[in-house]
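Hello,

Here is the structure I promised to pass on to you. My notes on what turned up in it follow just below.

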Amino acid sequence: MLAVAYGVIYLFVFIFGICIGSFLNVLIYRIPLHINIAKGRSFCPKCGNTLLARDLVPLFSFLVLRGRCRFCGDPISPRYPLVESLGGAAAIVSVIVWGMTWHALIAFAACCVLVTVAFIDIDTMEIPDSMHVALIVLGICAVFAVPMPALVSRLIGIVAVSVPMILLDLIIKDSFGGGDIKLCAACGFLLGWRALIVGTFIAIIGGGIYGIYLLASKKKDRKGHFAFGPFLAAGMAVALFVGDAIWYAYLGSFGL
Ligand SMILES: [Zn+2]
């Protein structure tokens, strides 16, 4: 009986997550274009027709329409169901790790911001300042709602990675974008410096592998830039849940 109850709860949490994910698609599309995010129904970016209410059901409408616009038959980007699924997954993982708590809600909200950051950065190579503000606000909420990490750790987190990035930028010009640096400062406040460093390492490893792939496949030359935001966002999202655990497990492996 308990298993059924948990199943129902997780189903509702997942549905909540994909609905928020659907809204993230709106943010990702509209914020860079400066379209009001609250006004107007979603429309097909190809033919401009306003979507029907039944086409707005996350995931399911994509499956029902078989990934094509009802009006013009143009393929709908698989990114829409992907972002919705990420929202659903973030909601489930947040509840599994932190239970039905404020901590889970803050972690989920932070994941949503990070997903938005990743896709806007892929599209525009820029991270809007509103994203950094959102992460800082979540960090302030966390100061009151979550006992760990301590405030000192959060304050160190603001500078722990961002300042070395600024210094590296001085030595090798444009090695990091300003948006990436601000993202690391904001995430540092949210995560505390330990989890921040874990998240940064994950991002560097991911970005490094991708960079090698780009060079090897000759898609970019040495000077070519690619969006690092998605790797940072993914690293920080992982660190949000298991950053401190990885940090202490790593120290533990040295007997510290
Ligand atoms: Zn269309």
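Reading from the N terminus, the protein chain runs α-α-α-α-α-α-α-α-α-α. That makes 10 helices and zero strands. Please keep in mind that this is a predicted model. On confidence, the mean pLDDT of the protein chain is 91, and 98% of the residues reach at least 70. Among the elements, H4 has the highest mean pLDDT, at 96, while helix H2 (residues 60-64) has the lowest, at 88.

Now to the overall shape. The C-alpha trace spans about 60 × 55 × 35 Å along its principal axes. The radius of gyration of the protein chain is 20 Å, which agrees with the value near 18 Å that a compact globule of 256 residues would have. As for packing, 34% of the 256 residues count as buried. Taking the contacts with a separation of 6 or more, 70% of them join residues that sit 24 or more positions apart.

Helix H4 is worth a look of its own. This helix covers residues 102-124, and its 23 residues should span 33 Å at 1.5 Å a residue; the end C-alpha atoms are 33 Å apart, so the expectation and the model agree. Just after H4 comes Met125, whose phi is positive, at about 60°. H4 is also the element with the highest mean pLDDT, as noted above.

If you plan to look at side chains along the helices, a general reminder may help: an α-helix has 3.6 residues a turn, so residues three or four places apart point the same way.

Best wishes

How values were computed: Residues are numbered from 1 along each chain as its sequence is written. This is a predicted model: local features need pLDDT of at least 70, side-chain atom pairs count only at pLDDT 80 or more; totals for chains, interfaces and linings use all residues. Helices (H or I, at least four residues) and strands (E, at least two) are DSSP runs, numbered from the N terminus. The radius of gyration is taken over C-alpha atoms; the globule rule is 2.2 Å times the number of residues to the power 0.38. A residue is buried if 20 or more other C-beta atoms lie within 10 Å of its own, exposed if 12 or fewer, and partly exposed in between; C-beta atoms are placed from the backbone. Two residues are in contact if their C-beta atoms, placed from the backbone, lie within 7 Å. The expected span of a helix is 1.5 Å times one less than its number of residues. pLDDT is the predictor's confidence in each residue, from 0 to 100.
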